[in-house]
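Me: I would like to go through this model with a few questions about its backbone, its strands and one annotated span. Please reason briefly each time and finish on what was asked.

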Amino acid sequence: MEDGESQLLSDEEQTPEPFLSSLDIFLFSLIAGLLIYWFFFRKKPEPVPEIKPFTPVTPQIRETSFIEKMKKTNRNIVVFYGSQTGTAEEFANRLAKDAQRYGMKGMAADPEEYDMSELSRLKEIPNSMAVFCMATYGEGDPTDNAQEFYDWMQGTDDDLEGVNFAVFALGNKTYEHFNATGKYTDKRLAELGGNRVFDLGLGDDDSNLEDDFISWKEQFWPAVCEFFGVEATGEDSSIRQFELVVHNDINMNEVYTGEMGRLKSFQTQKPPFDSKNPFLATVTGNRRLNEGGNRHLMHIELDITDSKIRYDSGDHVAVYPTNDAAVVNRIGERLGVDLDTVISLKNLDEESNKKHPFPCPTTYRTALTHYLDINNTPRTNVLYELAQYASDPQEQENMRKMASASTEGKALYQSWVLDSQRNILAILEDLPSLNPPIDHLCELLPRLQARYYSIASSSKVYPTSIHICAVVIEYATKTERVFKGVATNWLKNKEVTDNGHKHTVPMYVRRSQFRLPFKPSNPVIMIGPGTGIAPFMGFIQERAWQKEQGKEVGETILYFGCRHKNEDFLYRQELEEFEREGVLTQLNVAFSRDQEHKIYVQHLLKKNKEQLWKLIHSNNAHIYVCGDARNMARDVHTAFYDIAEEVGGLTHTQAVDYFKKLMTKGRYSQDVWS
């Protein structure tokens, strides 16, 4: 041990003192390790982005001032439209286009897109006027797109002195409130101080709406010219609104294939679903309801699972049909065009909100199949514009004559087009020299509209399914052609198969005021012959559900009518079962043709007049009528007037007032069509 220590001491004595001590080396290593960690292993800080000066980007905002737009584009005529099915919009576009022929410049405008409180500013524009093409919808209501304007008129006290206006109303005289919206618009604008340039026009779709419009228009423009001291330019030549763009090299993923709004919306469905974004509902039921006869009455079931669509009994389902492929092909063959050409129709007016007449780019085939009405008789403006393409002078003269306001022209249009029910294909076939460019034809044809059906189910019983009850339209015309209703024939062919292919229907729900009483204990009297039974199937299902929930349910009485008991007694088994279960208090059925003299629902009403008057007058019963407006609804009205007079002791005037008050209170509701 001592020897070792001596040796160590000896070595230390012999070794010079080191430059760095052990402690220094330790500290140096520690610092070096920390530096290595710092540079190679630490988490890198997020790079700090360079902050550049902010340059605000002005978003493209749709012009809501029609006054500023008119000033910017040198317009002096604005034609507003309240339209539910597209006709009022079509008339507005025609008037705006006509303005050019009278040395003026017009624009058609949707009141929903503009600030209508600016109407009083119209006088800022020299020689200006506003025209209103206003349709009446439902029970005297404004159309959806005119509701805000209607509300504004009711609430405003703006001074419209110096504002020139004219109104053309679109309605149907079979309805109780004929042209109510147009009449109110004309009256209210005058009350606010507006200057009526020309008398209110009343269009009647029950007679000949096109004739009414042409007659009004032929007197309207001369009155406008006289008022402003201008003369017609004499330009009667065709004025194109859209130009054709052919896409020879385009990605087909950018081409519309039938969508109503968003491209590829049918491939990637996103709620909420509405008129611009319909839901593709799978057809899960399709059966014939009638057991005989030459008609086809059908029950369709649509699956709305996962759509988040909600509905109530009495609502309407809107479906977007497609035209018959055979008719589309024949139009293409007649005009000698490739229907699969990809095109766009681009508005020549760059300031217009309506960039295209239908979703573009698309093909002629898609346009004629999904977007354009090729089945109904074309209006006179279509004949007028197409006449220039007839090489035969006689055919051209007849087309122009039918588009005129002359007595002879109107009679020819009535007999050759309307009475003979010639659609555009029939006209092309029967006028061999007529060869219009297909793009101009597509510009002129109106849009194919959604079809509305009263929902035949209750969401309380069928929360994920909507039922439709409809009759297939098909009959021979005077030209020995077969007229087929677009939507009903299309629905009829949507069969449920086991081969894996599922048929779908683009649809959405439109709310209605046709509602069961808030109190289930209130009695209900339902009158619905034929397919008018539809909403009452939902009502009865709901009353059955209410009973199951333990609620007190009042008397539920149905008056149904059909031709033959063993042929077209719709939903017979279901209705008789509801009666056995006590859900239906009374099932009254009029079989019109099972005996010598015809029996209709109004006859059965009169037969039970004492009971009905007691329910209505003493028990707060609610009355519902669904079906034909032209005859049935009127006859039912008359039957109730007679009951009030015979049992209630009222005079005829008192009876009419009595039921008008019931309507005002929501105790007499109608869902009728003509």
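Reply: One definition comes ahead of the questions: helices (H or I, at least four residues) and strands (E, at least two) are DSSP runs, numbered from the N terminus. The model is predicted.

Me: In which loop does Pro272 lie?
Reply: The peptide bond that leads from Pro271 to Pro272 is cis, its omega being near 0°. Pro272 belongs to the loop between strand 8 (242-246) and strand 9 (279-288).

Me: Between which strands is the loop that holds Pro361?
Reply: A cis peptide bond, with omega near 0°, runs from Cys360 to Pro361. The loop holding Pro361 is the one between strand 12 (342-347) and strand 13 (362-363).

Me: Is Asn179 buried or exposed?
Reply: Asn179 is found in the loop between strand 5 (164-171) and helix 6 (180-191). Its phi is near 55°, a positive value in a residue other than glycine. Buried means under 20% relative accessible area. Asn179 has 1% relative accessibility, so Asn179 counts as buried.

Me: How does Asn620 count by relative accessibility?
Reply: Asn620 has a positive phi, near 60°, and is a residue other than glycine. Asn620 sits in the loop between helix 19 (609-617) and strand 22 (622-628). Buried ends at 20% and exposed begins over 50%. With 35% relative accessibility, Asn620 therefore counts as partly exposed.

Me: Which strands stand at the edges of the open sheet?
Reply: Six antiparallel strands make up the open sheet, in the order 14-11-18-9-10-15. A strand with a single partner strand has one side left without a neighbour in the sheet, so the edges are strand 14 (451-454) and strand 15.

Me: By what angle are neighbouring strands of this sheet turned against each other on average?
Reply: The sheet in question is the open one with the order 14-11-18-9-10-15. With direction ignored, the average turn between its neighbouring strands is 40°.

Me: Which residue in strand 14 stands opposite Ala318?
Reply: Strand 11 (residues 316-319) runs antiparallel to strand 14, and four bridges join them. Opposite Ala318, in strand 14, stands Tyr452.

Me: With which residues is Ser465 in contact, leaving aside neighbours within four places in sequence?
Reply: Ser465 lies in strand 15 (residues 465-471). At 10% relative accessibility, Ser465 counts as buried. Its contacts, with neighbours within four places in sequence left aside, are Glu301, Leu302, Ile304, Tyr311 and Ser457.

Me: How far apart do the end C-alpha atoms of residues 77-221 lie?
Reply: An unreviewed UniProt entry annotates residues 77-221 as "domain: Flavodoxin-like". The span is 32% helix and 24% strand, and its end C-alpha atoms lie apart by 12 Å.

Terms used. Residues numbered from 1 in each chain as written. Predicted model: local features only at pLDDT ≥ 70, side-chain atom pairs only at ≥ 80, totals over all residues. Heavy atoms only, no water. UniProt positions renumbered as here; feature names shortened; annotations may be inferred. Buried < 20%, exposed > 50% of the residue type's maximum accessible area, 1.4 Å probe, protein only. Contact = heavy atoms within 4.5 Å. Pairing = 2+ DSSP bridges. Axes fitted to C-alpha atoms, helices over the stretch in contact; angles between N-to-C directions.
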